[in-house]
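User: I'd like to go through this one term by term and see how each label is earned. Can we start once it's on screen?

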Amino acid sequence: MFQARIVEYFLRFLAHIPLPVLHALGSFAGFLLDSFSSVHRRVAAINIALCFPHMSPGERRALVRTTLGETARTALEMGPLWFLPVERVERLIREVHGEEHVRAGLAAGKGLILAVPHLGSWEAVGLYVGKRYPMTSLYRPSRKPAMDYIARDGRQRSGATLVPTDASGVKKLYERLQTGGIIAILPDQDPRYGAGVFAPFFGIATKTMVLLPKMARRSGAPVVYAWARRLPRGAGFALHFSPAPADVAHSDLHIAATAMNAGVEDCVRRAPEQYQWSYKRFRSRPDGEPSLYRRRALSCDSRNEDTL
């Protein structure tokens, strides 16, 4: 509990720092991650090399540096996004594009599924949508229960309801759809211990969750992607909403997962530097395939750019 209090006080302290300063600190923290954190740098470099094979080594190296800064900004933003008054957080949303897709989807009366990839500030998406619409979000409880309340309270304070990634949580998601509300799911996590299929993501066979496609097919609810792009120099965020491919609700789960991944990929290509490339998205492999994150001939050390 003591550790949780320290984290909470630190985040409350960050909430008093202007966003431009936090984003500048994030750039510096990203420099440190790039210089000293071999794990974060190496995973990001492997993912970027796999997903952007046509980039030059220099371009990929620059993207690794930039994305580590964005990763640090994601962490530092939790202070203001979780602890500033909601009205002040709302003022950080400078632009909103495509919200008509949300309103049109809800008008059909079957609820709406919001697919929120790990791109930009997904915390800003949750606060904005939760303030305006009845929304239930699926989340993975912290491995440290004493710290769980920090994220839960921070994400629920604008009106959203969080439910855990278990049978009871899935039941509550269906209940929200049945009342015509919104549910939010992160579609780009590796379902290591849950149901999933291998579907292409940037051309790579990727273990992909099937909960979202199953819910879309069973409920008839439309699917809309949502992500928040960080604006330059800490100016705030631009929210983007876009409809999912029609096949995301296909009865063939491989086709549905392929469509869902294609939608995520389309979002990522619009701001690739703001995607969470330091996450081991390709950790699970089809039977017989070796790990993509072992040290191998494809070196991803920042000091050996010619091998990227």
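User: Why does Phe-202 count as buried or exposed, whichever label applies?

Analyst: Phe-202 counts as buried because its relative accessibility is 8%, and buried means under 20% relative accessible area, with exposed over 50% and partly exposed in between (1.4 Å probe, protein chains only). Before we go on: this is a predicted model, where local features need pLDDT of at least 70, side-chain atom pairs count only at pLDDT 80 or more, and totals for chains, interfaces and linings use all residues. Residues are numbered from 1 along each chain as its sequence is written, and side-chain values use heavy atoms, with hydrogens and water left out.

User: What makes the phi of Phe-202 worth a remark?

Analyst: Its sign: phi is positive at about 55°, although Phe-202 is not a glycine. Most residues other than glycine have a negative phi. Phe-202 sits in the loop between β6 and β7 (204-209). Arg-233 also has a positive phi of about 55° without being a glycine, and its place is the loop between β8 (223-230) and β9 (237-243).

User: And what is Arg-233 called, buried or exposed?

Analyst: Exposed, because its relative accessibility is 76%, and the label needs over 50%.

User: How do you know which stretches are helices and strands, and how many are there?

Analyst: They're DSSP runs numbered from the N terminus: H or I of at least four residues for a helix, E of at least two for a strand. On that basis the protein has 12 helices and 9 strands.

User: What makes the pair Arg-12 and Glu-8 a salt bridge?

Analyst: The rule asks for a side-chain nitrogen of Lys or Arg within 4 Å of a carboxyl oxygen of Asp or Glu. In this pair the closest N and O atoms are 3.1 Å apart, so the rule is met. Both residues are in helix α1 (residues 2-14), and being 4 residues apart they are separated by about one helical turn. Arg-12 counts as partly exposed at 38% relative accessibility, while Glu-8 is buried with 7%.

User: Which parts of the chain does the bridge between Arg-61 and Asp-34 tie together?

Analyst: That bridge has an N to O distance of 2.7 Å. Arg-61 lies in helix α4 (residues 57-76) and Asp-34 in helix α2 (residues 19-36), so the pair ties together parts 27 residues apart in sequence. Arg-61 is buried, with a relative accessible area of 3%, and Asp-34 counts as buried at 8%.

User: Why does the pair Asp-190 and Arg-283 still count, at 4.0 Å?

Analyst: The N to O distance is given as 4.0 Å, and the cut-off is within 4 Å, so the pair qualifies. Asp-190 is in the loop between β5 (182-185) and β6 (196-201), and Arg-283 is in the segment after α12 (253-270), so the pair ties together parts that are 93 residues apart in sequence. Asp-190 counts as buried at 3% relative accessibility, whereas Arg-283 is partly exposed at 31%.

User: How many salt bridges does that rule give?

Analyst: The count comes to 15 salt bridges. There's also a network of salt bridges linking Glu-70, Arg-73, Glu-77 and Arg-230.

User: What is Glu-123 in contact with, leaving aside its neighbours within four places in sequence?

Analyst: Leu-81, Trp-82 and Arg-155; contact means heavy atoms within 4.5 Å. Glu-123 is part of helix α8 (residues 122-132) and is buried, with a relative accessible area of 7%.

User: How do you know whether the radius of gyration agrees with a compact globule?

Analyst: The rule is 2.2 Å times the number of residues to the power 0.38, with the radius taken over C-alpha atoms. For 308 residues a compact globule would be near 19 Å, and the protein has 19 Å, so the value agrees. Its C-alpha atoms fill a box of roughly 55 × 50 × 40 Å along the principal axes.

User: What share of the residues is buried?

Analyst: Of the 308 residues, 52% count as buried. As for contacts with a separation of 6 or more, 76% are accounted for by residues 24 or more positions apart.
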